[in-house]
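The exercises below are to be worked with the sequence and the model open side by side. Each task is followed by a solution in steps.

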Amino acid sequence: MENLPGFWAVLSPIIFPVHFSHICDDLEECSPPPPPTKSSVPDCGACSARVNGATDALAWEETITAWVSGLQEEGFCGAQEDPEQCKEAVAFLIPLAFPVLVAQPRDWVDTFCVDIWGCEA
């Protein structure tokens with residue numbers, strides 16, 4: 001338990017860029033993944049809806065299962081000092097952390113859409 005903050009600090013830079021890189025996979029003008037060109041930036045309402053939807057998806061059982069499996073089996077845990085302890089920590093942490101993250105206030109979403117993606121109301 002005492003290593004969880006450090007463990008999360010290693011995991012989050014892996015998880016978030018990959019997870020959010022699929023935010024507009026359904027839009028042809030958004031390929032390759034973000035950041036999109038200025039001409040394809042959604043309006044602020046659409047941007048907020050996409051960011052909130054992607055964030056909500058972190059709490060989906062299939063998302064949690066995919067991340068646990070992926071981190072355990074696709075090289076991350078295998079590269080750690082103690083792969084078995086890593087697998088246990090991933091299986092413990094991800095199902096707890098993702099729903100907590102999803103339940104947090106979303107006041108950052110509009111700022112992200114305006115400041116990072118450059119949407120215009």
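A residue counts as buried when its relative accessible area is under 20%, and as exposed when that area is over 50%. The model used here is predicted.

**Exercise 1. Describe the fold in outline.**

Step 1. Count the elements: the protein has 5 helices and 0 strands. Along the sequence the pattern reads α-α-α-α-α.

Step 2. Look at burial and surface. The protein has 121 residues, and 36% of them count as buried. About 7300 Å² is exposed, with 59% of that area supplied by carbon and sulfur atoms.

Step 3. Look at contacts between residues with a separation of 6 or more: 75% of them involve residues 24 or more positions apart.

**Exercise 2. Find the disulfides and state the handedness of each.**

Step 1. There are 3 disulfides in the structure. The pairs are Cys-44 with Cys-119, Cys-47 with Cys-113, and Cys-77 with Cys-86.

Step 2. Read the sulfur–sulfur distances. They are 2.1 Å for Cys-44 and Cys-119, 2.1 Å for Cys-47 and Cys-113, and 2.2 Å for Cys-77 and Cys-86.

Step 3. Take the torsion about each S-S bond. For Cys-44 and Cys-119 it is about 100 degrees, so this disulfide is right-handed. For Cys-47 and Cys-113 it is about -90 degrees, so that disulfide is left-handed. For Cys-77 and Cys-86 it is about -70 degrees, and the disulfide is therefore left-handed.

**Exercise 3. Which parts of the chain does the disulfide of Cys-44 and Cys-119 tie together, and are its cysteines buried or exposed?**

Step 1. Cys-44 and Cys-119 form the disulfide. Cys-44 belongs to helix H2 (residues 44–57), while Cys-119 is in the segment after helix H5 (108–116), so the bond ties together parts 75 residues apart in sequence.

Step 2. Cys-44 has a relative accessible area of 16%. Since the cut-off for buried is under 20%, Cys-44 is buried. Cys-119, at 6%, is buried too.

Step 3. Turn to the other pairs. Cys-47 and Cys-113 are both buried. Cys-77 has 0% relative accessibility and counts as buried, as does Cys-86 at 4%.

**Exercise 4. Characterise helix H3.**

Step 1. H3 covers residues 61–73, which is 13 residues. From first C-alpha to last it reaches 18 Å, close to the expected 18 Å.

Step 2. List buried positions: among them are Ile-64, Trp-67, Val-68 and Leu-71.

Step 3. Check what follows: just after H3, Gly-75 has a positive phi of about 105 degrees.

Terms used. Residues are numbered from 1 along each chain as its sequence is written. This is a predicted model: local features need pLDDT of at least 70, side-chain atom pairs count only at pLDDT 80 or more; totals for chains, interfaces and linings use all residues. Side-chain values use heavy atoms; hydrogens and water are left out. Helices (H or I, at least four residues) and strands (E, at least two) are DSSP runs, numbered from the N terminus. Buried means under 20% relative accessible area, exposed over 50%, partly exposed in between (1.4 Å probe, protein chains only). Contact means heavy atoms within 4.5 Å. Accessible areas come from the Shrake-Rupley method with a 1.4 Å probe; for residues, only the protein chains shown count as cover. The expected span of a helix is 1.5 Å times one less than its number of residues. A disulfide is a pair of cysteine sulfur atoms within 2.5 Å.
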